[in-house]
Structure formats: structure tokens, C-alpha cells
Amino acid sequence: MTVAFSGDPAASWSILLEATLRAAPDPAAVAARMSRASAEFPNLGPAAVVLRPSDWDLTRAEFADGRYGAGDPLVRVAVAGESLMIAAHHGAVDGLGLVALLGIALGEPVRSSATGVALRSPDRPYLLSALDRVREAVWTPPTRIQPSLQGNDSGDHLVSRALPAVKLGSARLTSAALEATRQWNAARGAGHGRVVAAVGASWRGGADPRPEADSALLRLRLPAGAGEDDVRALLAASAPEAGFPSAHNPVARWGMRVLASRLGSTFLVSNLGVVEANVAALRFYPAASGRSGVAFGVVTTGEVTTATARVRRRDFGADAAAGLLDLLCEAALTGHEARR
């Protein structure tokens, strides 16, 4: 039995944060801190076991793809040398919640420049949003990023690129993902006229992150020819989506199963902002769901901005995942000077 969560039933809903530290941590101290966090925050479930894996890549895949069973810890932690990895069920924490868990694991305060959307509120109740989603799925489904294969593999490919530190806000990241989608689909003779971007956010900002789920979602219908300024205007005017019903709601679960191939956004983008922490680099992998099963993540720390792509293995090979991320990075960096 897995943990119930609203959203794409094909997704594991395990989000990850990888850190390259400046010094190797004490695994026992990390375990003790995580145990205290579970006692203080019941949403994290039982205390995480801190693994010391010999195969880091395999553990990353297991953390990303493994579903969370009832009674399992909702946080997973691994330490190897100067590398630290934290994964968590998205129903337990959001992206800034992972940043908070990083601070707990290190025993040091961390913060992010990410701003929340607390001053905004949904402009309509969930039922109206759901009806609009159903209408969209039936009559005008969002553009799908063209798959590179038709496979049966489960789980996701995770790839990353380290860039010089750049001021890469959500508007530029979203417009870069839009341009990557345009180029990718055009090269394969597929349309890209109804792109819908899901933008991950949080109700609270990152100045004092807590290990909790406080996520919000902005959903943007991007017109053909939209550029960065257009995306920025849409983001400023967008109201967060109303909360989903309980995952135990049988009508909602039935609807998601029936419309799974047509429901959801073209891609998701999530930006953790500039994270102040005693680490050399961070990599953030949000959950990939929806029509395409493609999610892009960005986080900056110190002199490094890291962009990531997470894509469904059944639809994309590893080379395709890397190609999509390269297109996004090229679009994001075009005409963009390094931030100092």
C-alpha cells in the first residue's frame, strides 16, 4: 500500500535535493538531527534511515522512483563522502521544505531568496477549476512534448547541468522551457501551439523555510509566440490553483485515470531561487507528471546555478532527457550575462 496523494497516479511524487558539501558530514549526527525533526514534525513520518551507499547513482534512482508505503519514513537520506541526498514525498514537504531539511541535516540555518504567493489567493473554487480542466482535456488538451520512444520502463531519468551563477527567475525559466518545447517538437514535426506551463511555488517564502508541504501551483496558458516579458506578465497576473481534493476521493481518482493521457500541463518548472547554505552546489529534481512527464528544476548557490530535467523513462531515453535540458539551458543563457 502506497501513500495516497492527489495528482498523476503514475508519478512516485518523490522530490529530491542533492548537495555537494564543503566537508564530509558525520552520518550519525545527520541521523540524530533527522530523528529529532521527525519527532517535531509528524508530517515527515518515522525517522529516516541515513544510508551510506556504494552506488550513488543507483540510490538516486531508488530515491526518485520508489513509492512511499503506508508507515514508511516520508524522508530518505543518503551520505557518501562530501555528497548528501535528501528525498521526500511531495505530500510531506515541498521544494522549500527540502531546503529546510538540508539545514536540519547540516545543523545549520539555510534560506532561499524564493518568494511565496501568500498575498494571492485562488480566483475560483476547486470545482470550477476541475470542470475547466476536464473541458480542456476533452476538447483542447495541452501540447505534449513529443516522446522519443514508446517503452514500458517505469520511473524517471534525472539529468543536470552546472552553469555559471545567473539570475534565472521563474519568468526566464518558464520562457526557456517554452522555447525548448518549441524547438524539440518542431524538430519532430509535432505541434506546439497550446503549451500550458505549470509553475511550482510555495505559499510562504524561503527566508525561514520549514519542513512542511506548503506548495502552490500557477498554471499558465502560453500563447504562440510568447516571450519572456509575456510570461512575466502572465505570472504577475496569475492566481494559484485551488487545492486538490483528497486522494481518497473516488470521483477524482476515476477522473485522473480516465483522462490521464490528456490531463495536465505541458511541463512543470520549479525554481528554488538563490539558496544560502554552506554547500558547494545543489541539484533539485521536482516531480514529473502530467501529459509529458517532464519537469525542470533550478537552484543557485554560491557561484553555481544548476538546472535539471526529470522525464519519464517510458517516453524518453537518457539522451533525450539530456537533449531537452540542453535546449532549456541554451535558451535560458542566450543574451544573459553571469550574475555577480
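**Asp315 and Arg314**

I looked up Asp315 to begin with and found it buried, at 7% relative accessibility. The model is a predicted one, and I read every value below with that in mind. Asp315 forms a salt bridge with Arg314, with the closest N and O atoms 3.8 Å apart. I noted that this pair still counts, because the cut-off for a salt bridge is 4 Å. Arg314 is partly exposed, with a relative accessible area of 34%.

**Other salt bridges**

I then asked how many salt bridges the rule gives. The count comes to 16.

I took Asp57 next. Its salt bridge partner is Arg60, and the closest N and O atoms are 2.9 Å apart. I checked where the two sit in sequence: Asp57 and Arg60 are three residues apart in helix 2 (residues 56-65), so about one helical turn separates them. Arg60 counts as buried, at 17% relative accessibility; the limit for buried is under 20%. I followed the links from this pair and found a network of salt bridges that joins Glu18, Asp57, Arg60 and Arg283.

I also looked up Glu212. Its side chain meets that of Arg210 in a salt bridge, at 3.3 Å from N to O. I wanted to know whether Glu212 is buried or partly exposed. Glu212 is partly exposed, at 26% relative accessible area, and Arg210 is partly exposed as well, at 35%.

**Aromatic rings**

I searched the whole structure for aromatic pairs and got two. One of them is Phe267 with Phe296, an edge-to-face pair with 6.3 Å between centres and 65 degrees between the planes. Phe267 lies in strand 9 (residues 267-276) and Phe296 in strand 11 (residues 294-301), so the pair ties together parts 29 residues apart in sequence. I checked burial on both sides: Phe267 is buried, with a relative accessible area of 1%, and Phe296 is buried, also at 1%.

I looked for charges over rings too. The charged end of Arg76 sits over the ring of Tyr68, 3.6 Å from the ring centre. Arg188 lies over the face of Trp184, at 3.4 Å from the ring centre.

**Asn271**

I went back to strand 9, where Asn271 has its place. Asn271 counts as buried, at 15% relative accessibility. I asked which backbone atoms its side chain reaches. The side chain of Asn271 reaches the backbone oxygen of Leu168 at 2.5 Å and the backbone nitrogen of Gly273 at 2.8 Å. I then listed the contacts of Asn271, leaving aside neighbours within four places in sequence: Ala114, Leu168, Gly169, Ser170, Leu173 and Val298. Leu168 therefore appears here both as a contact and as the residue whose backbone oxygen is within 4.5 Å, the cut-off for contact.

**Asn278**

I ended with Asn278, which lies in the loop between strand 9 and strand 10 (279-285). Asn278 counts as partly exposed, at 41% relative accessibility. With neighbours within four places in sequence left aside, I found Asn278 in contact with Arg22 and Glu108. The side chain of Asn278 makes a polar contact with the side chain of Arg22, at 3.2 Å. I also looked up its separation from Leu106: Asn278 and Leu106 are 172 residues apart in sequence and 8.7 Å apart in space, C-alpha to C-alpha.

Notes
Residues are numbered from 1 along each chain as its sequence is written. This is a predicted model: local features need pLDDT of at least 70, side-chain atom pairs count only at pLDDT 80 or more; totals for chains, interfaces and linings use all residues. Side-chain values use heavy atoms; hydrogens and water are left out. Helices (H or I, at least four residues) and strands (E, at least two) are DSSP runs, numbered from the N terminus. Buried means under 20% relative accessible area, exposed over 50%, partly exposed in between (1.4 Å probe, protein chains only). Rings of Phe, Tyr and Trp (its six-membered ring) pair if their centres lie within 6.5 Å; planes under 30 degrees apart count as stacked, over 60 as edge-to-face and the rest as tilted. A charge sits over a ring if NZ of Lys or CZ of Arg is within 6 Å of the ring centre and within 35 degrees of the ring normal. A polar contact is a pair of N or O atoms within 3.5 Å; within protein, one must be able to donate a hydrogen and the other to accept it, and residues adjacent in sequence count only if both atoms are side-chain atoms.
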